[in-house]
Amino acid sequence: MELAGETEPAEAAMAPASKNAKEGSRSRGRRRWRKGKAKASRLIHNMDLRTMTQSLVTLAEDNIAFFSSQGPGETAQRLSGVFAGVREQALGLEPALGRLLGVAHLFDLDPETPANGYRSLVHTARCCLAHLLHKSRYVASNRRSIFFRTSHNLAELEAYLAALTQLRALVYYAQRLLVTNQPGVLFFEGDEGLTADFLREYVTLHKGCFYGRCLGFQFTPAIRPFLQTISIGLVSFGEHYKRNETGLSVAASSLFTSGRFAIDPELRGAEFERIIQNLDVHFWKAFWNITEMEVLSSLANMASATVRVSRLLSLPPEAFEMPLTANPTLTVTISPPLAHTGPGPVLVRLISYDLREGQDSEELSSLVKSNGQRSLELWPRPQQAPRSRSLIVHFHGGGFVAQTSKSHEPYLKSWAQELGAPIVSIDYSLAPEAPFPRALEECFFAYCWAIKHCTLLGSTGERICLAGDSAGGNLCFTVALRAAAYGVRVPDGIMAAYPATMLQPAASPSRLLSLMDPLLPLSVLSKCVSAYAGAKTEDHSNSDQKALGMMGLVRRDTALLLRDFRLGASSWLNSFLELSGRKSQKMSEPIAGLSAPPLSEPMRRSVSEAALAQPQGPLGTDSLRNLTLRDLSLRGNSETSSDTPEMSLSAETLGPSTPSDVNFLLPPEDAGEEAEAKNELSPMDRGLGVHAAFPEGFHPRRSSQGATQMPLYSSPIVKNPFMSPLLAPDSMLKSLPPVHIVACALDPMLDDSVMLARRLRNLGQPVTLRVVEDLPHGFLTLAALCRETRQAAELCVERIRLVLTGPAPAPPPV
């Protein structure tokens, strides 16, 4: 498959007379061309920014002079014009990139981890400049050849020029963030009106150029064919989803069949842009769940490791007791999930490479879901392995709206084989039908159940690791925070791959990468967060997307019905942190303030009536400020008068955040260095709005898709630390176990990982951050795709192994 920005030498296909000679010559020509391109790529990669820009400008001027002398033909004029545009954008971009490079080191976690959104933007711009430099050299070398494909090369140049123009706009936006942010802060904090203005301006930018010929140019070449296949399937699926009147089965069966999107990159890019801006979260839920189809999941499982045990269990919604860490003689009642839809079972998938003691017990077999997948190879009956000292509790990704453990089963099987530990993957309920905090309640309930019944799962429970990717990484942190708040056992460590830790609508340099990211566009990210927060589902009654079919209408009606159950901001936490049934094993009387509500109560008080009663203003006028817990640490110790940890459950604990609650700042000596870098910007740039980001004469390309359907709202609930752990106060973050984060340099969520790691590092908490290069968000589900994704997946396994091989404590009482 021909990669974006590459053209094979036509001469190699025309020289020999015989068929065999033609094939041999073509093969040799391809090898020579690839070797030459690889050598040129290495040289370009080693160029500094100024040398690359000067080389590109020199080639552009040479090509301008040549095509200007070719007469008044339209093609020659367009080629001359595109090279003039390349020269203009490169000269304008180079100093802006230099300014970002000058301060990028101030935002790194440490000198050994040079990664943040500013660096990623510079790297992406360099990739685009490198593609243009390679293409300009090819044109200069072959423009006189009779085999020179003029129209093809013109289309390539125009596409990359459009991409370079948009990247220049992103760099100016990044400069605006650098000016307005506090020293060392990657996420914008301050006037929410400016955030709204920024996002509204940002989403009007043209995006189609990044989804056509330039698709995935910033990623490793091995990823690009996959991205092209996904993009073709997405636009084809979008067409059928829009037109189909009888459900989504026809759309799924006709996936990857629209050839016109494969041969017309510009059409594909325009359709891709229309889809990401206009179709609602139900479309993305349906598209991402294609991997759940039996045919695709069976093919994926055929290529994955074979395990002895893969069983889908249904945990009954029954309360149980857990001992307190501070005083194991006291217990707390773990109630079943209750938010929104009342008590209900929680589905979990048990995966184990070996059949271990307890995994074929009658008690565990009674929990197997009858209509779920059951893979337990007992014939010939293998010898049972002893229980593992470790247990991995996994939360899958999918933007809180899609996928299950089945989608992630291939790499989980590999984990089970490599780590020699059973894995419990939680199938939590998905938004928008089950918004926050339903997923968190289910994950916490399943986590506690797994600890209490670890012997049934084939583990002694000596070492427990939470692992998850993307949305699952978010749940890893929030489950650990809730375990600490309840006073029960906190996991021994967390491995979070490219986690989402900031769900509040906030601009950051890495978020700017979502303009070109085919797997995580900003509008899609916003729709997923909106659905998880329980916001109103988008209304497309006046658009051409109203033909969703019966299944789509049912889903939409369900979402609208559940809209009334969306959460407020504060008093839901009163019930969320109700430590029910905490009682001493030696005392019969209940402890004051820790009694559980009756289980017959159909709905928990998880909706804040006070918050819902307040009018929600437009973005930037949110009357409820950042919601954080001032102190959720357990205060019971030898110095207190009671063995019972004290915890305030009243609404007064939810006061507004102060700078001391959430401290993003660098040490003072770094702040002065960044202040000097800010002074390099013109006075006109400081203190002005978003529109002042662009210099005079520069105008980025705007979207032709009309008004975007991306929800631009600010809900108080997304500021809650159990939804955005990056906003948690220091007292909560100190309760986390050792944290290992594996992030992607080109991921729009990179800054989530960097800022959380910096906060934990400043608090003295054990944390590691590893950033992989040139891979997209979601690389774990692509682990078998290429060498780079396999290496990144192995890095995640290595981090989990660090947690599981720690010092072995005495097994906790259950």
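The following exchange sets the terms used for this predicted model against their definitions.

This is a predicted model in which local features need pLDDT of at least 70, side-chain atom pairs count only at pLDDT 80 or more, and totals for chains, interfaces and linings use all residues. Residues are numbered from 1 along each chain as its sequence is written, and side-chain values use heavy atoms, without hydrogens and water.

Me: Why is helix H5 said to be largely enclosed by the rest of the structure?
Reply: Buried means under 20% relative accessible area with a 1.4 Å probe, protein chains only. In H5, 27 of the 31 residues are buried, so the helix is largely enclosed.

Me: What does H5 (residues 150-180) give to the largest nonpolar core?
Reply: Such a core joins buried Ala, Val, Leu, Ile, Met, Phe, Trp, Tyr and Cys residues through side-chain atoms within 4.5 Å. The largest has 222 residues, and Leu170 is among the five that touch the most other members. H5 gives the most to this core, with 17 residues.

Me: How do you know that strand E11 (residues 739-744) is covered on both faces?
Reply: Val739, Ile741 and Ala743 on one side, and His740, Val742 and Cys744 on the other, are all buried. In a regular strand the side chains alternate between the two faces of the sheet. Six of the six residues are buried, so E11 is largely enclosed.

Me: What makes E11 and strand E12 (residues 767-772) a pair?
Reply: Pairing requires that DSSP find at least two bridges between two strands. E11 and E12 have six, in the parallel sense, and Val742 stands opposite Arg770 in E12.

Definitions and conventions: Buried < 20%, exposed > 50% of the residue type's maximum accessible area, 1.4 Å probe, protein only. Helix = DSSP H or I, 4+ residues; strand = E, 2+ residues; numbered from the N terminus.
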